[in-house]
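Colleague: Could you take a close look at one part of this model for me, and then work outwards from there? I'd like one connected account rather than a list.

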Amino acid sequence: LTCYSRNTDDIEAFIRLTDSFISSYRENNYPVSSLFTSLSSLFANNNTGISASQAKGFYAELYAIKYFHENSLDIYAYWQKRERLNFDFSISSRKRLEVKSTTNENRIHHFLHEQLIDDIYDIYVISILLRNDDRGLSLKSLIDEVREIAGKDFDTLLCIDKFTRGTQEEDICMIRFDEEYTRSNIRFYNAKVIPKFDSEQPEGVSHTEYNSDLTNIPSTPFEIVRRWI
């Protein structure tokens, strides 16, 4: 494999991903062809940048990984690496974690109905309040931290590179949120207590979605969620 690009970001991604693949492919029994396929897909992706909403959601997912790591539990291996899946973290065949964030003071989040149906899955929601701050923790710094946490985990590193592909580093550096505010306002909720429609979607109805207000419902202590995982 040869990287012909002269773009610094491309070269760094190429080295980072091939290095992590070499370190982990025997353990994970990856076929070498998967590395070629992954790199080809990554470099063929000509993203023009990420929206503010996408950046906020990605920031919250990365912060959840950082928060759990600081509390002696790594969850990056459970991170769903493909787009448009219903849940952000798949802990087991039944256990699911979903991350929601908002820059509003009220803890109101947008849900797909499937994200709150607890007769199929055992679901916890991580709710994070964010506050814009020019001196806060940048998305760039958070990405660097999670890369360090993930070490040589190929899938996690690839997921981050796919998301940031085509986005200028200075733009990622400008996305900043007050970390102390974030840390003080992270909460955990069992899906059973979150306001929702109490029935499955009727036959012929799909993609139901709505806002739920979590402001006044009881949260679950972090240690309970930690033990659950």
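Modeller: First, a word on labels: a helix here is a DSSP run of H or I at least four residues long, a strand is a run of E with at least two, and both are numbered from the N terminus. Bear in mind as well that this is a predicted model.

The part I'd pick is helix H5, residues 154–164. Buried here means under 20% relative accessible area. Nine of the eleven residues of H5 meet that cut-off, so the helix is largely enclosed by the rest of the structure. Going along H5, the buried set starts with Phe154, Thr156, Leu157 and Leu158, carries on through Cys159, Ile160 and Asp161, and finishes with Phe163 and Thr164. Notice that an aspartate, Asp161, is in that buried set. Just after H5 comes glycine 166, with a positive phi of about 85 degrees.

For another positive phi, go back to serine 72, at about 65 degrees, although this residue is not a glycine. Serine 72 sits in the loop between helix H3 (52–70) and E1. Its relative accessibility is 61%, so serine 72 counts as exposed.

Now follow the chain on from H5 to helix H6, residues 169–174. Here we meet a negative surface patch made of Asp9, Glu12, Glu169, Glu170 and Asp171. H6 gives the patch its largest share, three residues, while helix H1 (8–28) is the other helix that supplies at least two. Take glutamate 170 as an example: it lies in H6 and is 48% accessible, so it counts as partly exposed.

On to the strands. E1, E2, E4 and E7 form an open sheet in that order, with mixed pairing. Its edges are E1 (89–90) and E7 (186–190), each pairing on one side only. E1 runs antiparallel to E2 (residues 95–102), and two bridges join them. One contact to look for is phenylalanine 89, whose bridge partner in E2 is leucine 97.

Another pairing brings together E3 (residues 108–112) and E8, antiparallel over five bridges. Phenylalanine 111 stands opposite tyrosine 210 of E8 there. As a rule, side chains in a regular strand alternate between the two faces of the sheet. In E8 (residues 209–213), Tyr210 and Ser212 make up the covered face, and Glu209, Asn211 and Asp213 the uncovered one. That puts tyrosine 210, the residue across from phenylalanine 111, on the covered face of E8.

The loops that lead into this pair are worth a glance too. Between E2 and E3 you'll find asparagine 106, which has a relative accessible area of 45% and is therefore partly exposed. Its C-alpha atom is 48 Å from that of valine 32, with the two positions 74 residues apart along the chain. Glutamate 200, in the loop between E7 and E8, has a relative accessible area of 53%, so this one is exposed. The C-alpha atoms of glutamate 200 and isoleucine 175 are separated by 38 Å, and these residues are 25 apart along the chain.

So, if you colour by burial, start from H5, where nine of eleven residues are buried, and then swing round to the negative patch, to which H1 and H6 each supply at least two residues.

Technical notes. Residues are numbered from 1 along each chain as its sequence is written. This is a predicted model: local features need pLDDT of at least 70, side-chain atom pairs count only at pLDDT 80 or more; totals for chains, interfaces and linings use all residues. Side-chain values use heavy atoms; hydrogens and water are left out. Patches are made of residues with over 30% relative accessible area and no salt bridge: like charges are joined within 9 Å, nonpolar side chains (Val, Leu, Ile, Met, Phe, Trp, Tyr) within 5 Å. Accessible areas come from the Shrake-Rupley method with a 1.4 Å probe; for residues, only the protein chains shown count as cover. A salt bridge is a side-chain nitrogen of Lys or Arg within 4 Å of a carboxyl oxygen of Asp or Glu. Lys and Arg count as positive and Asp and Glu as negative; His and the chain ends are not counted. The place of a charge is taken as NZ of Lys, CZ of Arg, CG of Asp or CD of Glu. Buried means under 20% relative accessible area, exposed over 50%, partly exposed in between (1.4 Å probe, protein chains only). Two strands pair if DSSP finds at least two bridges between them.
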